[in-house]
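Please walk me through this structure. Start with the strands and finish with the aromatic rings.

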Amino acid sequence: SKSVFEIRGENLMNCHAPLQEKWIVIPVLTAPKSVSDIMWKLPANVQTVCGVVCTISKNTADFEQKIIGELSLLANNRLSQPLSFAVSYKPKLRRLDKELLPLSEPIAKGTRIEGYYRNLSDVQYELKLYVKCLITAN
């Protein structure tokens, strides 16, 4: 006996495109003791956000405190808030996968990552937000 898929002449069991990992980098410029908005349109082929890592660069001075900021992210056009956390300074971060904050946030096609970053320090710097995604292969 044939399955429903064979009767229609379709092979629906293999219709899912393979997924690949991709890192998306979102730069956030910060001024001392200020809040920076984050608004980044994700590519249409992003299926899931798997995690986030923050790095610091272009700092104008050394940090006096360990916790240097607060990050809050919204996904799927502000329908979900997958994370909100304190950002600590870690010099010389060499492997992103070792500092990954894991997530499993399904993403609607063509939506944005939005939110804010609050700089709690007296130092100007650039935060780089690395977003690990699963994308459909083209």
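**Two sheets, a core and a ring cluster**

Strands β1 and β8 are paired antiparallel, with 12 bridges between them. The model is a predicted one. One residue pair fixes the register: L19 lies opposite T136 of β8.

This pairing belongs to an open sheet of four strands. Its order is β1-β8-β3-β6, and the pairing is antiparallel. The edges are held by β1 (19–30) and β6. Each has a single partner strand, so one side of each is left without a neighbour in the sheet. On average, neighbouring strands here are turned by 25° against each other, direction ignored.

Now turn to the other open sheet. Four strands run in the order β2-β7-β4-β5, again with antiparallel pairing. Here β2 and β5 stand at the edges. Both have a single partner strand, so each has one side without a neighbour in the sheet. The twist from one strand to the next averages 15°.

Strands of a sheet pair through backbone hydrogen bonds, in a parallel or an antiparallel sense. Take the strand pairs of this sheet in order. Strand β2 (residues 35–41) is joined to strand β7 (residues 112–119) by seven bridges, and the two run antiparallel. Within this pair, W40 has I113 of β7 as its bridge partner. Next come β4 and β7, antiparallel over six bridges. There L71 is bridged to Y117 in β7. Finally, seven bridges connect β4 with β5, also antiparallel. S72 finds its bridge partner in S84 of β5.

Pause at M39, in strand β2. Is M39 buried or exposed? Its relative accessibility is 53%, so M39 counts as exposed. The cut-off for exposed is over 50%. Leaving out residues up to four places away in sequence, M39 touches R112, I113 and E114. The C-alpha atoms of M39 and E114 are 4.4 Å apart, although 75 residues separate the two in sequence.

Next, the interior. In soluble globular proteins, nonpolar side chains tend to be buried together. The largest nonpolar core in this model has 27 residues. Which residues have the most contacts inside it? They are I26, L71, L73, Y117 and L129. Two or more residues come from each of β1, β3, β4, β5, β7 and β8. Strand β8 gives the most, with six residues.

L73 shows how such a core residue is surrounded. Neighbours within four places in sequence aside, L73 is in contact with I38, V52, S80, Q81, P82, L83, I113, E114, G115 and L129. Of these, L129 is also listed among the residues with the most contacts inside the core. E114 and I113 are shared contacts: M39 touches both, and L73 is in contact with both.

Last, the aromatic rings. A pair of rings is described by the distance of the centres and the angle of the planes. The structure holds three aromatic pairs. In one of them, F63 and Y89 are tilted, at 4.6 Å centre to centre and 45° between the planes. F63 sits in the loop between β3 (46–57) and β4 (67–75), while Y89 sits in the loop between β5 (80–88) and β6 (101–106), so the pair ties together parts 26 residues apart in sequence.

The two partners differ in accessibility. F63 has 14% relative accessibility and so counts as buried. Y89, at 28%, counts as partly exposed.

F63 also pairs with Y125. What is the geometry of the rings of F63 and Y125? Their centres are 5.3 Å apart and their planes stand at 80°, so this pair is edge-to-face. Planes over 60 degrees apart fall in that class. The pair links distant parts of the chain: F63 is in the loop between β3 and β4, and Y125 is in strand β8 (residues 125–136), 62 residues away. Y125 is buried, with a relative accessible area of 2%.

These rings belong together. F63, Y89, Y117 and Y125 make up one aromatic cluster. Y117 brings the threads together: this cluster member is the bridge partner of L71 in β7 and is named among the residues with the most contacts inside the largest nonpolar core.

Note on methods
Residues are numbered from 1 along each chain as its sequence is written. This is a predicted model: local features need pLDDT of at least 70, side-chain atom pairs count only at pLDDT 80 or more; totals for chains, interfaces and linings use all residues. Side-chain values use heavy atoms; hydrogens and water are left out. Rings of Phe, Tyr and Trp (its six-membered ring) pair if their centres lie within 6.5 Å; planes under 30 degrees apart count as stacked, over 60 as edge-to-face and the rest as tilted. Buried means under 20% relative accessible area, exposed over 50%, partly exposed in between (1.4 Å probe, protein chains only). Two strands pair if DSSP finds at least two bridges between them. Contact means heavy atoms within 4.5 Å. Axes are lines fitted to C-alpha atoms, for helices over the stretch in contact, and angles run from 0 to 180 degrees between N-to-C directions. A nonpolar core is a set of buried Ala, Val, Leu, Ile, Met, Phe, Trp, Tyr and Cys residues joined through side-chain atoms within 4.5 Å.
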